[in-house]
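Okay, thanks for coming, everyone. I'll put the protein up on the screen, and then we'll walk through it together.

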Amino acid sequence: MSRIGCAARVLPLVLLVGAALAVGWPLLRILAEALASLRGGIAPGLGRTAAVSGALAAGATVLALLGGLAAALTARCLPPGPRRLLDVALLSLLLVPPYTAAAAVLALGGRGGLLHGILPPLLGARGMLAALVITLLPYPYAAARLAWRGVDPRLVDAVQVHGGGAGRVLRLVLLPPLRRPLAAACVLMLLTALADPSIPAVLRGRVPTLAHTAYLEVMAWGDEGTAALIAVLLALPALPLLLLVPSGPGAGLTEPWYGHGAGPALALPTSPLLHAARLLTLLVLAGIGALLAAAILRTAGAPGELLGQGAVLTLVSTLQHALLALLVAVPAGLGTALLASRGPRGLASVVDGAQLVLLVLPGTTLGLAVSLAYRLGTPTPLGILPPLVGGASLGSGSIAIVLVLAASTAPLVHVATRAARAQIPRSEEETARVLGIGRRRRLMRLVLPQAAPLVAVTAAAVLVRMMVSVTPVVLVAAPDAPMVPALALDLLDRAALAPVFVLTLLVALVIAVLALGAAAAGRLR
């Protein structure tokens, strides 16, 4: 038997064992603990905390939706040059960690902030709402910009020729391609707002939230049942997202690409709707500018505070953990994609479905599951597995960090590989088989050249996500772990805002280098 044949037989077993240890057992454990907690009675105040979290997440989602759609409509009506500037202003918010947005809100409207005494104090619910809106704005903006990228301006002209105004253009031309992406963006925003513990950690005041309550329970080794119940509650909004994501191999990933150039501006008729969109866009840009100015002034006013915080070493350590996670996640994602493409249809559906569930699972739920499952010794058929979570664990917590990062990354690699495989013309594969080309040569000469650029770009995007995201890392790392989110939360706990802004700038520089590398890899295709 060839080496590829042996690897193909061993691959399903390796993937199954890895998935069971990394994801399956922790999720089953928190589900069992959540059910046990329900039978024993809900913790006092948890219902009120859930109501407050839901109201904050819903309010932030609605406000971000209005601002993002207004900015996207304004951008689509602008010439290519100003449109790109607006894209940079809004989409660059994806690179801003949520704790940095909270720190900027504190620098603007907190005690001693830039506008202290002019604005009402931006603490508690007001501050969290402002930081959440800034964090969520890119989601509806990106969804609308991508959905409207292929809109033909001649359709707008045709509606106007027949006497239609801006409202009819919106209803007949702009809304139809936007419905599904916008629904998915709304669910994603709600999930993000509910599951983030860092903004409440900085701004919550006396306002409790589910994610921060679970974070405190885990960090203080408190009630495991409450933390498990919160983890399950945070995962429930992900269920509608499963219905909105296209299913099947490559579904929704083989849409026609509209090119790299910017399309012509849409000439919408002047109307109150367009004026309101432009005014709201100006308000959004003014808010972003005010937060940026507050961060710059706070950083410039405390130069001595920027040294000796270990930011560079922490950044290097975070990047090392991210690269180790990629070394695990890329083979796992490629392996599951290969298994789904070569196996029977039923197996492909199971593998794709499992990866889709893991893709939409909130990082807070995954982090809580791994933390509760592996912070103590775990009995196995081969003996007791040492603790993996915390500074005193096996590998000083690095194993758990790499584990959760890889588990949240492998689905993205799987989706990218399946998308690349779906774009290979069937005629090329059939011709290769007719010519007698073996599986190994087809894999090396046909599949990998097609998948490599997309997987490289996905890997760079994953590295960016690892550098910016808070969960699941802070839930499995020790408070003094050399990781960017842990250091940032520790600095914010001591009200050291300026080092957090400098740390974010360093992360942005690393991300810029990664983006340039991804763009270079994309041009190799």
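Let me start with a quick one: in which helix does S53 lie? S53 lies in helix α2, and by helices and strands I mean DSSP runs, H or I of at least four residues for a helix, E of at least two for a strand, numbered from the N terminus.

Before going on, some housekeeping. This is a predicted model, so to speak of local features we need pLDDT of at least 70, and side-chain atom pairs count only at pLDDT 80 or more, while totals for chains, interfaces and linings use all residues. Residues are numbered from 1 along each chain as its sequence is written, and side-chain values use heavy atoms, with hydrogens and water left out.

How confident is the predictor? pLDDT is its confidence in each residue, from 0 to 100. The protein averages 79, and 79% of the residues score at least 70. Now look at residues 248-261: pLDDT stays under 50 there, and the model has 18 contacts for that stretch beyond four places in sequence. A contact, by the way, means heavy atoms within 4.5 Å. Where pLDDT is low, the predicted coordinates should not be read in detail.

Now the overall picture. The secondary structure comes to 23 helices and two strands. Of the 525 residues, 46% count as buried, where buried means under 20% relative accessible area, exposed over 50%, and partly exposed in between, with a 1.4 Å probe and protein chains only. Among contacts between residues at least 6 apart in sequence, 82% join residues at least 24 apart.

Back to S53. At 5% relative accessibility, S53 counts as buried. The S53 side chain reaches the backbone nitrogen of L210 at 2.7 Å. That's a polar contact: a pair of N or O atoms within 3.5 Å, where within protein one must be able to donate a hydrogen and the other to accept it, and residues adjacent in sequence count only if both atoms are side-chain atoms. Leaving aside neighbours within four places in sequence, S53 is in contact with L194, P208, T209 and L210.

Helix α2, residues 46-76, also gives the most to the largest nonpolar core, with 11 residues. That core has 131 residues, and L90, Y99, W148 and L203 touch the most other members. The rule for a core is a set of buried Ala, Val, Leu, Ile, Met, Phe, Trp, Tyr and Cys residues joined through side-chain atoms within 4.5 Å. Take Y99: beyond four places in sequence, its contacts include S198, V468, P485 and V500.

Next, D87, in helix α3, residues 80-91. Is D87 buried or exposed? D87 has a relative accessible area of 16%, so it counts as buried. Which side chain does D87 join in a polar contact? It's Y141, at 2.4 Å. Beyond its neighbours within four places, D87 is in contact with S92, Y141 and R145.

Over to helix α18, residues 398-422, where you'll find A410. A410 is buried as well, at 10%. The C-alpha atoms of A410 and A325 are separated by 9.2 Å, though the two are 85 residues apart along the chain. A410 touches A329, A332, G333 and Q355, not counting residues up to four places away.

Last, the cysteines. How many disulfides are there? Zero, going by cysteine sulfur atoms within 2.5 Å. C77 counts as buried at 15%, and C186 as partly exposed at 23%.

Key. pLDDT = per-residue confidence, 0-100.
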